[in-house]
Structures are given as C-alpha cells and as structure tokens.
Amino acid sequence: MAEARPPRLTASVGRTSDGSYTLVGHTAPSRSRLERGVEPFADLLNEAFAAVDRCIVHLETLDHPFGRVCALVLIKARNLGLGCYSLSLDALAPEAGALFRPLIECLELLIYFRLDPPRINEALEDRLPKAGVIAQRIEGKFKGLRDYLNTHASHLSLSSEAMMHLVDFYAGRLRPVQAHNASVLRQNLTTLLAVLVWLAIEAANCTTVGTGVVDDALGDTVEDIKRRAFLLFDGAIGQ
C-alpha cells in the first residue's frame, strides 16, 4: 500500500440510544463561537477529529504495545489539537502556538513508529530520541515551523513577533483583549486543518500496521476529508 493514500479502516465509536455515534473525548464547538465563513473549516475539523478518535479505539483494543503506545500518542495529539482549536476561536491563536509544536511532534512520532515498529521499545524503555532527531530520521518537513514556534511561541518571549498582537499600534496603547479577525481565524484554521488531516492519515496508517489489515470504510472517509480539505484550501487561496 502506498503511503500517499491512507489505509482504510472501519471503526465505530460508542453508539447512543438513538443509534448515533459519540466521539471519544471530542466536543464540537458551539456555532455561536464561529465567525461567519469558517463553518466549512469547522465541519472538516470535526470530521478529522472523529476519524482520529475511531483510530484511537482500534489501536487501544490491540493486545500489543504498538497499539497502546500509538493510541496514547494520538490521544495526546487530539487533545493538543482541540486546545489549538479552542484558543483560535477565542482569538488567542498566538498562545495556541505553545500547543502547536508538540502537536507536530506527536505527528512525527507516529511516523517514526510506523516506519519501524520495533522503535516502540524505545518509548517503553524511556529512551526515545529528542524531537529534532526523530524529525531528521523520518525526513520531517516541519523544521522551519518548529524553529519559529520555538523562538516565538513555545517559550515566553518579549520579541516583537511574540508580542505584537498585544499592542494597538494605531492607538498607541496596549491591547488587553484581542478582538476577533475573521481573516486571521480562517488562516489559523487552515493550518490546523492541514495538520489534523495529516494526523488522521497517519492514525489510519498506524492502525493498518498494528492490525495488519487495510480496512476500507474509514480509509474512504479519511481520503474524502483530505479531498474536501484541499478544495477548501484552494478556494481560500483564491479569495
């Protein structure tokens, strides 16, 4: 199976009394918190979170360390993604950068495990390489972004890049409360969605490695989420 296409899984999370599915630890944001025009991003983000949650259920049920460790990493990644999402909706996206870097590290760690499953033993024995080494071994694509986040978001910094959203330069005063900006919100949700789609694909990849079975239904779901996300990205660029 080519890595470019996510493997296919079926998984349902718990069913409610009316037959609908519930998601593991995932609460969709209220529509009242969404700026006009970002609902398509919210819908796809919710679907990506749902796909990740279903993979968590599959991996957790596997009776070997690969499944359990990957499930733990996915839960952590899902929580970090939800944190970034919530902070973005509250106009606190710069602060969300502190969560975005470990989210990327979770994604790269899953790739690291999938490419060589015995590496799970490094996690069990508390001897995983540092995040930068893992990124090098998997030929990761996020070094520039990780370096930027490390300088301006992951640690407290008083640099202009880190603090400019707290200053109203036109009025010549500080900005204790940061107002929503629909354009900035769309840009931030675009970035988050891109990483969440990649995370969903990698979650499915890890589940296939763990089960030894390519499951068609969720693979089609993840592929469809990716297709619609790319169309949304193209439309956002054209605006």
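**Exercise 1. Work out the handedness and geometry of the α1–α2 pair.**

Start with the handedness: α1 and α2 cross in a left-handed way. Keep in mind that this is a predicted model. Next, take the angle and the distance: α1 (residues 39–61) packs against α2 (residues 65–89) at about 160°, and the axes lie 8 Å apart. Now classify it. Angles over 145 degrees count as roughly antiparallel, so that's the label α1 and α2 get relative to each other.

**Exercise 2. Find which residues make the α1–α2 contact, and sort them by class.**

Go through one helix at a time. From α1, the contact takes in Ala42, Leu45, Asn46, Phe49, Val52, Asp53, Cys55, Ile56, Leu59 and Glu60. From α2, the partners are Gly67, Arg68, Cys70, Ala71, Leu74, Ile75, Arg78, Gly81, Leu82 and Tyr85. Sorting them gives 13 nonpolar, 3 polar and 4 charged residues.

**Exercise 3. Check the length of α2, then look just past its end.**

Count 25 residues in α2 and allow 1.5 Å for each; the expected span is 36 Å, counting one residue less than the total. The end C-alpha atoms of α2 sit 36 Å apart, so the two values agree. Just after α2 comes Ala91, with a positive phi of about 65°.

**Exercise 4. Decide whether Glu108 is buried or exposed, and list its contacts.**

Place it first: Glu108 belongs to helix α3 (residues 93–115). Its relative accessibility is 2%, and buried means under 20%, so Glu108 counts as buried. Finally, skip neighbours within four places in sequence: Glu108 then touches Ile134, Ala135, Ile138, Gly140, Lys141, Phe142 and Arg146.

Terms used. Residues numbered from 1 in each chain as written. Predicted model: local features only at pLDDT ≥ 70, side-chain atom pairs only at ≥ 80, totals over all residues. Heavy atoms only, no water. Axes fitted to C-alpha atoms, helices over the stretch in contact; angles between N-to-C directions. Helix = DSSP H or I, 4+ residues; strand = E, 2+ residues; numbered from the N terminus. Parallel < 35°, antiparallel > 145°, perpendicular 65-115°, else oblique. Left-handed = near helix turned anticlockwise from the far one by under 90°. Contact = heavy atoms within 4.5 Å. Nonpolar A, V, L, I, M, F, W, Y, C, P; charged D, E, K, R; others polar. Buried < 20%, exposed > 50% of the residue type's maximum accessible area, 1.4 Å probe, protein only. Expected span 1.5 Å × (residues − 1).
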